[in-house]
Amino acid sequence: MRAFLEFHIIQNFAPSNLNRDDTGAPKDAIFGGHRRARVSSQCFKRATRLAAAEYDLIDEAHRGIRTKRLKRLLVERLADRDPEESAGKIESALAAAGLSSSKKDKEKTEYLLFLGEKEIAGFAELVDQYWDELADVDATANKKQRKASAPPEVTKKAKALLDGGKAVDIALFGRMLADLPAVNQDAACQVAHAISTHRVEREFDYYTAVDDRAPDDNTGADMIGQIEFNSATFYRYAVLDLYKLFDNLQQDRELALSAVEAFATAFVRAVPSGKQNTFAAHNAPDFIGVTLRHIAPMSLANAFEKPVVADLRISLTEQSVERLHKADEKLSAVYSDGQDQWLYLDLTGQWPDKNRGEAQPNLSRLAQRVRELADDALEA
């Protein structure tokens, strides 16, 4: 049995620059032969992780931390030990697990690690437990020397610690540790790049700043610059493999269901932070659709291959929701097994009530129903 929870969101953002490229311009893409506004999947994944923490949707013990500063975190957790001694013994324990130090900065790991809170706590406990057995290793020692400094039992336990730690965000979004492919985790959740349902043009804000203490005869600006921005109605899509999530969380059913409910809330509330002090584009979605499919995931992005066109009689958002349900009707008639179940929260009035799912009054209730839907799917 297969079970995929899909999230289809239509969200209009006011003028903003939520996700910039290397030139500072809003990211975009060509789709259907037209330029579209784009917010990357990585950007929305991070915003989702931050929203889950901000709204305390997942217990801290089941969160992940992405960092190069693992050594510093471990020194802080070994506060009762001498910091200089701790640093050497931590170096030995991490080397035993196969984690390398950066060649440029020995205070950091070689690359960003994505570790569960329980994995980090486990390393701190391991160092504390084997304090006397661990050698005080200098970070400048080579990899082979650092690895050899740990007793065999420490090496065995250090490697066993890297099991994902039942961290929900690692289970959802996966991780890759280049030196340790055995502890990589395939993501249970796939997130598409959000694209505008219509074509966009870049716009420019030319700005100046004046010195508050400038003399009266100074009539010019003391700083000038420009910022690129756009405004767009986005189609956002994500799909969650329920059985993969269940496996990633070590078959902890209650945690998996909590993760589904938390994701349903956090993904909807996620707003990227780029240039928000300048634009304050805090715009909630006008449509949230969640569907449970059993055959295969089915993005509805192609509903917007032909871009929606501005019309004074109906908003871009309303047109986008109308396009979305028509695309689902057409595709489901061909590719669905007839068991798809929809939940939706629609503020546009364009999603048809008849045979198109179960309407929800608010986000809290929607997240609860998504959890119930997931529970029934895992039971099947």
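Two strands pair if DSSP finds at least two bridges between them. Strand β1 and strand β10 (residues 287-293) pass that test, with seven bridges joining them. The two strands run antiparallel. One bridge can be named: I9 of β1 has I288 as its partner in β10. Keep in mind that this is a predicted model.

Now step back to the whole chain. The protein has 380 residues, and 49% of them count as buried. It holds twelve helices and twelve strands. Its C-alpha atoms fill a box of roughly 80 × 75 × 35 Å, taken along the principal axes. Look next at which parts of the chain touch. Take the contacts with a separation of 6 or more: residues 24 or more positions apart account for 76% of them.

Strand β1 gives good examples of such contacts. β1 covers residues 4-16. Ten of its 13 residues are buried, so the strand is mostly covered. We have met its pairing with β10. β1 is also joined to strand β9 (residues 223-241), this time by eleven bridges. That pairing is antiparallel. Here the residue to find is Q11, whose bridge partner in β9 is F234. In a regular strand the side chains alternate between the two faces of the sheet.

Follow β1 from one end to the other. F4 lies in this strand. Is F4 buried or exposed? Its relative accessibility is 6%, so F4 counts as buried. Leave aside the neighbours within four places in sequence, and F4 still has many contacts. Among them are V239, L240 and D241. F4 also touches T291, L292 and R293, as well as I295, A296 and P297. Not every distant residue comes to F4, however. L112 is 108 residues away along the chain, and the C-alpha atoms of F4 and L112 are separated by 30 Å.

S16 is found in β1 too. With a relative accessible area of 4%, S16 is buried, because the cut-off is under 20%. What does the side chain of S16 reach? It reaches the backbone oxygen of A14, at 3.0 Å. Beyond the neighbours within four places in sequence, S16 is in contact with P26, F229, N230, F279 and A281.

Next comes strand β2 (residues 28-31), where D28 lies. D28 has a relative accessible area of 17%, so D28 is buried as well. Its side chain makes a polar contact with the side chain of R202, at 3.2 Å. R202 is one of the residues that D28 touches when those up to four places away in sequence are not counted. The others are R35, R36, A37 and R38.

Turn now to the helices. Helix α4 (residues 117-129) and helix α6 (residues 152-161) have axes that come within 9 Å. The axes cross at roughly 165°. How do the two helices lie relative to each other? Angles over 145 degrees count as roughly antiparallel, so α4 and α6 are roughly antiparallel to each other. Their crossing is right-handed. On the α4 side, the residues that meet α6 are E119, G122, F123, L126 and Q129. On the α6 side they are V154, K157, A158 and L161.

Helix α4 has another partner, helix α2 (residues 70-77). The axes of α2 and α4 come within 9 Å and cross at roughly 60°. That angle makes α2 oblique to α4. The crossing of α2 and α4 is right-handed. From α2, the contact is made by L70, L73, L74 and R77. From α4, it is made by E117, I120, A121, F123 and A124. F123 therefore appears in the contact with α2 and in the contact with α6.

Finish with two loop residues. Q250 lies in the loop between α8 (242-248) and α9 (253-269). Q250 is not a glycine, although its phi is positive, at about 55°. Is its surface covered or open? At 38% relative accessibility, Q250 counts as partly exposed. A280 is in the loop between α10 (276-279) and β10. A280 also has a positive phi, of about 50°, although it is not a glycine. The loop of A280 leads back to β10, the strand joined to β1 by seven bridges.

Note on methods. Residues numbered from 1 in each chain as written. Predicted model: local features only at pLDDT ≥ 70, side-chain atom pairs only at ≥ 80, totals over all residues. Heavy atoms only, no water. Helix = DSSP H or I, 4+ residues; strand = E, 2+ residues; numbered from the N terminus. Buried < 20%, exposed > 50% of the residue type's maximum accessible area, 1.4 Å probe, protein only. Polar contact = N/O pair within 3.5 Å; in protein donor to acceptor, adjacent residues only side chain to side chain. Contact = heavy atoms within 4.5 Å. Axes fitted to C-alpha atoms, helices over the stretch in contact; angles between N-to-C directions. Parallel < 35°, antiparallel > 145°, perpendicular 65-115°, else oblique. Left-handed = near helix turned anticlockwise from the far one by under 90°.
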